[in-house]
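Work through the exercises below with the sequence and the model side by side. Try each task before reading its solution.

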There are 2 protein chains.
Amino acid sequence: MRPIFYPESIAVIGVSLSPDNLGLGIIYNLTEFGFRGVIHEVGPKGGVISGRRIYKSVLDIPDVVDLAVILTPARTVADILEECGQKGILWAVIESAGFREYGEEGKKLEERVVRVAEKWGMRFVGPNCIGVINKENGLCTPFTPLNPNVRLGDISIISQSGGVGMSVLNLMGNEGLGLNKFVSAGNMLNIQTEEFLEYFIEDPPTRYIYIHLEGIRNGRKLMEVARKSSKPILASKANIGKFGKSIASSHTASLSSDDRVVDAAFRQCGIIRVNDATTLGNDLKVLHLPPMRGRNLAIISRSGGHAVIAADACEYVGFNLAQFPKAFIEEIEKHFRASVIKLTNPLDLGDLFDLDFFLRIIERTLAEEGVDGIVFLHTIIPMIEGPKSRELLARIRELSKEYQKPVAVYVSTEDQEVAWLKRNLNYPIFTQVVETVRALDLNYRYYAGIEQTREPRKIESPHKNRETARSFLKKAQNEKRNLFLHEAAEVLKAYGLPMIQGLPVADEGEAVKAARQLGFPVAMKIISKEISHKSDIGGVQLNLRTEAGVADAYRDMLKRIRQAYPEAKIEGVLIQSMATGGRELIIGGRQDDQFGPVILVGLGGIFVEVFGEVSLRVAPITPREAVEMINELRGIAMFKGARGTKPSDLEAVAEVLLKLSQLLCDLPEIREIDINPLRVFLEKEGCLGLDVRLILDKS
Amino acid sequence: MRPIFYPESIAVIGVSLSPDNLGLGIIYNLTEFGFRGVIHEVGPKGGVISGRRIYKSVLDIPDVVDLAVILTPARTVADILEECGQKGILWAVIESAGFREYGEEGKKLEERVVRVAEKWGMRFVGPNCIGVINKENGLCTPFTPLNPNVRLGDISIISQSGGVGMSVLNLMGNEGLGLNKFVSAGNMLNIQTEEFLEYFIEDPPTRYIYIHLEGIRNGRKLMEVARKSSKPILASKANIGKFGKSIASSHTASLSSDDRVVDAAFRQCGIIRVNDATTLGNDLKVLHLPPMRGRNLAIISRSGGHAVIAADACEYVGFNLAQFPKAFIEEIEKHFRASVIKLTNPLDLGDLFDLDFFLRIIERTLAEEGVDGIVFLHTIIPMIEGPKSRELLARIRELSKEYQKPVAVYVSTEDQEVAWLKRNLNYPIFTQVVETVRALDLNYRYYAGIEQTREPRKIESPHKNRETARSFLKKAQNEKRNLFLHEAAEVLKAYGLPMIQGLPVADEGEAVKAARQLGFPVAMKIISKEISHKSDIGGVQLNLRTEAGVADAYRDMLKRIRQAYPEAKIEGVLIQSMATGGRELIIGGRQDDQFGPVILVGLGGIFVEVFGEVSLRVAPITPREAVEMINELRGIAMFKGARGTKPSDLEAVAEVLLKLSQLLCDLPEIREIDINPLRVFLEKEGCLGLDVRLILDKS
């Protein structure tokens, strides 16, 4: 993909001398950003621009061209691409809009473009985008004239939307964050997000990656690529609801996805999700600081009021306020002009105006073993201490590096001074107290969690009993129905999932015999593919305690159902053991369109319905993730011995999640599965699925 | 309080010619801000400054002085104040620190200051503050040299912390928000937040008020004052946890308060709570726009990507996307240069670059009856459309005023242009898409909710049965114990609260008689002030169905308890009716140190313990607030017929809350009360308290 970012010569196609020609904007930007390669202008009307000929076709260019940048009406793009192919150009940026995002006609144009590219083995960015910026060589293909005020740095950006990408560039300029490369991916007809991501992960000058997504084509691929990254990846994902969906499809032709799955997936592959511009800016800043390796923070402040706000924020995110040793406090105490401040953490510097001494305090604090990071809340009066303060901050930058601990600097001062610091200091400057602390917490969590995303995902591939399970699925598929409860239970058992004992029977005599075999009491459930909500129509009987009871219940049930559903084909009934005691969870899974198999766990019964408590992961999961899923449930305290009850066997639940994860990965023909309820017994006593619903993929 | 903000002459006490004298900073600021009154410098060493004599004492000033600004060591302040009194100065700003916030010694100094002020009838701001700024007359008493770059405007600020106040001024300068007056209240030894608030509510040029609090002295007074305001009041409250508490007490000597009570109180009196600087800035901006009167929003965007983000945000806050009529869409359609955009809401202006036409679209949209407000997502390319865009925004400002509908403008462009717009346009400019939508939602909710804070609070004063209730409280107080269950039940009944029937009895015969009278089955509960957790030691027996059963249970219970607690004085037992059916809530109340009586409701049993679901209000509450409290509970769906069950009598619960509210207001000697459980029956069938715990104030 190097020619897209480092072309030695490019052809800008769609240039004319008309004053409202958008191609001229591209030429302007290439010049302003100081592009180091050769530029060829192409446009059907020809002409001369800045002493260079505008060629009527790429075929007329008497030179090798590495990259074509196309900004012509949608209907002309395929033909132009054909000419590029003939010219031997293998890489293109198609900025033109009017394709799939505009409906059927556009989709046809798009298909032609794809065919031409395939024919010549060309790869292209877009269409419907503003293309590429590379601060390393001055490449800049957007068609709106830009000010090259973002400095060269180590952050590279992939944005599906050009407009959002531009506002991120504005943010970076404003915050003094440095750009390396930028690509607006548009409709991603040919080159996908994941490919750009892979390129940036390998690209030496890129050290941080930000992605703005409106749709995710191949979630599993995205996760796989992200897991390989040793560089922090931040991503925002818009188009999360029904409002966004409609506008997104006409914007970058993106499909929406289940946002909870996106959340889980990002977390599982170490992508930091950001939801707004302020957070993005602060996260990028804080990741440029050394890792915070523990939870012990020191707050050093020139304002007591800011210290209080920071202390509140620490408590909220769960940082500890590191204890300062007595010798340290005494040392500082000697230097105060007046005795107005209590020396503790937060350390309120009060009316101490000696900036050199601040530096000594900060260095002394960094040297403390019990301190993992510092928030320095700095109030500057530029008129009397501007230059001194700039020096202080430059020294803090060095100290943070030297001690390899983060010093997050919040600054309260006039905005001219803030702007100067952001542009010139080459060190993150925060301007909101709460955000400074929140960002440091992100720094900690990122570095603490990133290793976990690479933990091996335990999975036999395939499971030794896959074919046993599949035989039940095939039978149902052949009969064009979903699985009956007893069949679904067999599938689960094949994967080692604990299911209550059950025997399908076809008549009264068999029912009694089965009950005797299982031991009383038993439950009885109707088996019929036409009847899905069994209990609503009397298709479930619980607590049958005698043989006579089973016989009666059988006759009653069949009579009742035949009356209610005269057309229904009844296969028989299922006789099940009864489980007593325990608490209920729901365990389930499904195939997600973008991310493949996902599994979830929720509190059972009323909890899931009223509180909607579920936690979710993309399969396969690791043993650690299984435990994490369970612990995430807000009501899980009930299972851990809250109110003096005995704790439940959550280890067995984690085991179930791992097995279900394997099952869903092995058997993609299962569209949806719910074990509801999973009865969880006391510690070491295991758990047992009592009912299961299994929906097959119709395709 | 006018002389504090509009003195015609001031004395700055604590000025010397030493270069590090802080008083000089005050003189500098008064000069820079163009103070229009007379300035007198005072300092024991005397001297001459800028041609004016430094008086050795205020008594030497040959002129009337309206306001003294004192910045001298804490130990000197009382004597200086005495001289001010002699001089006839009735108002002072004491900036000196070193009082209560520094411990016992400081507290004594403070007491002397208070006595002197009382003696002369003086009122003062501080101590431990940076005083007052008034942009109307150039008064500026902080001692750090400031740049007067915040423009004159209509926002006035009360900040307990000087440092936080300064950072808000920086924010306002940066965001182009105009300041009217500023006061840093410090330790609030004499003039309290509520008095400043009252002054600003009456102050004509002030139209918006922001308060930063670290402690709340008199929460009820604050609420009372705030309710009278026709101006929006925004407030942040720091010092919410154990970390903040310690630093806050040494900063502005503030006590912490229950943050959930603060939340409820602010809401009940229409104060908008803000938790960070970004939100504060955006809230202040959005309240400068006309009220959004409904939930129908139009999004007009120059970038599809921003439109998607805004649409997501609308869904999140619960705005509707207004439907555009067909004629309107067709009219716009004619004007597009190329056919690349689908016309819907969000309206993506795509490659339309005609700013005049934008204006017509916006005006046309404002004219639509079904549109209550607009979010305009504006991307500016300053180089080619800067001046045009400034004109457009100025016209939008007029249109918003003309149609009295908010047009919230988000701008994505280079920061120089953003800064110019914020400083010169005199119209709010937002720079984060999500925040723009969130802020508009705040605008809507503020104007929709503010009337409700003035609803009459139904309360008989006092309740006709107050003395009946009080007789039980007095009896217990005299006996130095809390109330027994049956007494507490009588107190509740006196206020019309439904409690289950119960009869206290002293022997076995009475127990049987009482059971017969109440009807079987009954419950039996031990009565003894030494035994608080009755059920733990077998002091509760439920479901007694026969006379013999009651007699047996009585004997057993007494025997058991006498064995377990040989020392306990047993008053007898309580025979109670049994209630069947219904669902459980917990209802309670207590006296809050800052806000007086508060009441709360929570889901019963495991829900409150595991999910911690309670909602809370300061009493007295309105009928609307009672309903709101109940509806706030996340699990309340269970009581409203979720899962096909029958709905419970929540009207009766609201009634209970109102009665409890009256009770707590009438009887402040009740420190804490819990009705647990309150059994709630089906609709129209009422509810019933089964048990109650009532703790009296020890003082």
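Chain A has 23 helices and 30 strands, where helices (H or I, at least four residues) and strands (E, at least two) are DSSP runs numbered from the N terminus. The model is predicted: local features need pLDDT of at least 70, side-chain atom pairs count only at pLDDT 80 or more, and totals for chains, interfaces and linings use all residues. Residues are numbered from 1 along each chain as its sequence is written, chains are lettered from A and ligands numbered from 1 in the order in which they are written, and side-chain values use heavy atoms, with hydrogens and water left out.

**Exercise 1. Describe chain A as a whole.**

Step 1. Begin with the dimensions: along the principal axes, the C-alpha atoms of chain A fill a box of roughly 100 × 80 × 40 Å.

Step 2. Next, take burial. Buried means under 20% relative accessible area, exposed over 50%, and partly exposed in between (1.4 Å probe, protein chains only). Of the 699 residues in chain A, 62% count as buried.

Step 3. Then look at contacts, meaning heavy atoms within 4.5 Å. Among contacts in chain A with a separation of 6 or more, 72% come from residues 24 or more positions apart.

**Exercise 2. Which residues of helix 6 of chain A are buried?**

Step 1. Locate helix 6 of chain A at residues 193-202.

Step 2. List its buried residues: A:Thr193, A:Glu194, A:Phe196, A:Leu197, A:Tyr199, A:Phe200 and A:Ile201.

Step 3. Draw the conclusion: 7 of the 10 residues are buried, so helix 6 of chain A is largely enclosed by the rest of the structure.

**Exercise 3. Check the length of helix 13 of chain B and find what its buried residues pack against.**

Step 1. The expected span of a helix is 1.5 Å times one less than its number of residues. For the 13 residues of helix 13 (residues 355-367) of chain B, that rule gives 18 Å.

Step 2. The end C-alpha atoms of this helix are 19 Å apart, which agrees.

Step 3. The buried residues in helix 13 of chain B are B:Leu355, B:Phe357, B:Phe358, B:Leu359, B:Ile361, B:Ile362, B:Thr365 and B:Leu366.

Step 4. Compare the spacing with the general rule. An α-helix has 3.6 residues a turn, so residues three or four places apart point the same way.

Step 5. The packing partners of these buried residues, in chain B, include strand 15 (296-301), helix 12 (326-333) and helix 14 (382-403).

**Exercise 4. Is A:Val433 buried or exposed, and what does it touch?**

Step 1. A:Val433 lies in helix 16 (residues 433-449) of chain A.

Step 2. Its relative accessibility is 8%, so A:Val433 counts as buried.

Step 3. Leaving aside neighbours within four places in sequence, A:Val433 is in contact with A:His306, A:Ile309, A:Ala310, A:Leu377 and A:Tyr410.

**Exercise 5. Find the side-chain partners of B:Arg273.**

Step 1. B:Arg273 is in strand 14 (residues 272-273) of chain B and, at 17% relative accessibility, counts as buried.

Step 2. A polar contact is a pair of N or O atoms within 3.5 Å; within protein, one must be able to donate a hydrogen and the other to accept it, and residues adjacent in sequence count only if both atoms are side-chain atoms. The side chain of B:Arg273 makes one of 2.8 Å with that of B:Asp259 and one of 3.0 Å with that of B:Asp263.

**Exercise 6. Inspect the backbone for unusual angles.**

Step 1. The peptide bond between A:Phe520 and A:Pro521 is cis, with omega about -10°. A:Pro521 sits in the loop between helix 19 (508-518) and strand 22 (522-527) of chain A.

Step 2. Another cis peptide bond runs from B:Gly126 to B:Pro127, with omega near -5°.

Step 3. A:Asn543 is not a glycine, yet its phi is positive, about 60°. A:Asn543 is partly exposed, at a relative accessible area of 40%.

**Exercise 7. Describe the interface of chain B and chain A.**

Step 1. The contact takes 82 residues from chain B and 82 residues from chain A.

Step 2. Buried area is the accessible area (1.4 Å probe) that two parts lose on being put together, summed over both. Here it is about 6700 Å², with 62% given by carbon and sulfur atoms.

Step 3. A salt bridge is a side-chain nitrogen of Lys or Arg within 4 Å of a carboxyl oxygen of Asp or Glu. The rule finds 2 salt bridges across this interface; B:Arg423 and A:Asp415 form a salt bridge at 2.5 Å, N to O.
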